[in-house]
Amino acid sequence: MTEGTTSAAQGGDTLTRLEQEGEIAADYLEGLLDIADLDGDIDMDVEGDRAAVSIISDTSSRDLQKLVGRDGEVLEALQELTRLAVHRETGDRSRLMLDIAGFRAKKRAELTELGAKAADEAKNTGEPVKLEPMSPFERKVVHDAVAAAGLRSESEGEEPQRFVVVLPA
């Protein structure tokens with residue numbers, strides 16, 4: 001077996017494992033929606049190196065907003081519970097990403113714009129730009145946006161007050 005074949009087989013194994021994580025998560029979340037008597041469709045995907053599961057609704061997303069909570073706090077908790085459900089079934093730690101009613105997708109777009117603006121400010125002033133404290137997901141999106149703008153950034157501080165600093169060139 002050649003090296004290329006081995007990595008292709010490993011890539012297929014990873015995709016299969018991530019799809020399995022998505023299936024387990026979808027089953028768990030469907031049960032949760034039934035218990036809460038909420039309508040929602042489950043959409044599964046694999047994004048990069050993690051399973052991605054979304055709960056979407058054709059009707060008013062106001063009901064699903066209860067599952068998002070203030071600033072996504074309930075969403076974060078549900079994501080952790082879903083990861084635990086996957087871990088219980090597979091024995092492996094999951095990096096699954098959960099989105100509800102498009103909250104995380106909208107947040108990603110806002111944070112990407114914030115990262116790009118902070119990078120522009122750092123380029124223009126030549127000074128580091130410190131942002132407000134953020135969750136790990138939020139910091140990752142900002143770091144990616146800063147890198148796309150050609151600059152470096154780093155996280156500083158201790159949770160839950162950890163924040164991003166955008167460094168000038």
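Colleague: Is Leu-98 buried or exposed?
Modeller: This is a predicted model, in which local features need pLDDT of at least 70 and side-chain atom pairs count only at pLDDT 80 or more, whereas totals for chains, interfaces and linings use all residues. Residues are numbered from 1 along each chain as its sequence is written, and side-chain values use heavy atoms, with hydrogens and water left out. A residue is buried under 20% relative accessible area, exposed over 50% and partly exposed in between (1.4 Å probe, protein chains only). Because the relative accessible area of Leu-98 is 0%, the residue is buried.

Colleague: Which residues does Leu-98 touch, not counting those up to four places away in sequence?
Modeller: Contact means heavy atoms within 4.5 Å. By this criterion, Leu-98 touches Leu-29, Val-53, Ile-55, Leu-75, Leu-78, Gln-79, Thr-82 and Arg-104.

Colleague: In which strand does Leu-98 lie?
Modeller: Helices (H or I, at least four residues) and strands (E, at least two) are DSSP runs, numbered from the N terminus. On that basis, Leu-98 lies in strand β3.

Colleague: Which element gives the most residues to the largest nonpolar core?
Modeller: A nonpolar core is a set of buried Ala, Val, Leu, Ile, Met, Phe, Trp, Tyr and Cys residues joined through side-chain atoms within 4.5 Å. The largest has 17 residues, and Ile-55, Leu-67, Leu-98 and Ile-100 have the most contacts inside it. Two or more residues each come from α1 (3-36), β2 (50-56), α2 (62-68), α3 (73-90) and β3 (97-100). With 4 residues, the element that gives the most is α1.

Colleague: Which strands are the edge strands of the open sheet?
Modeller: Two strands pair if DSSP finds at least two bridges between them. The sheet has 3 strands in the order β1-β2-β3, with mixed pairing. The strands that pair on one side only are β1 (41-47) and β3.

Colleague: What angle does the direction of α3 make with that of β3?
Modeller: Axes are lines fitted to C-alpha atoms, for helices over the stretch in contact, and angles run from 0 to 180 degrees between N-to-C directions. Helix α3 packs on the sheet, where it touches β2 and β3, and its direction makes with that of β3 an angle of about 135°.

Colleague: Is Glu-138 buried or exposed?
Modeller: Glu-138 lies in helix α5 (residues 136-148). Leaving aside neighbours within four places in sequence, Glu-138 is in contact with Lys-107 and Leu-111. Because its relative accessible area is 16%, Glu-138 is buried.
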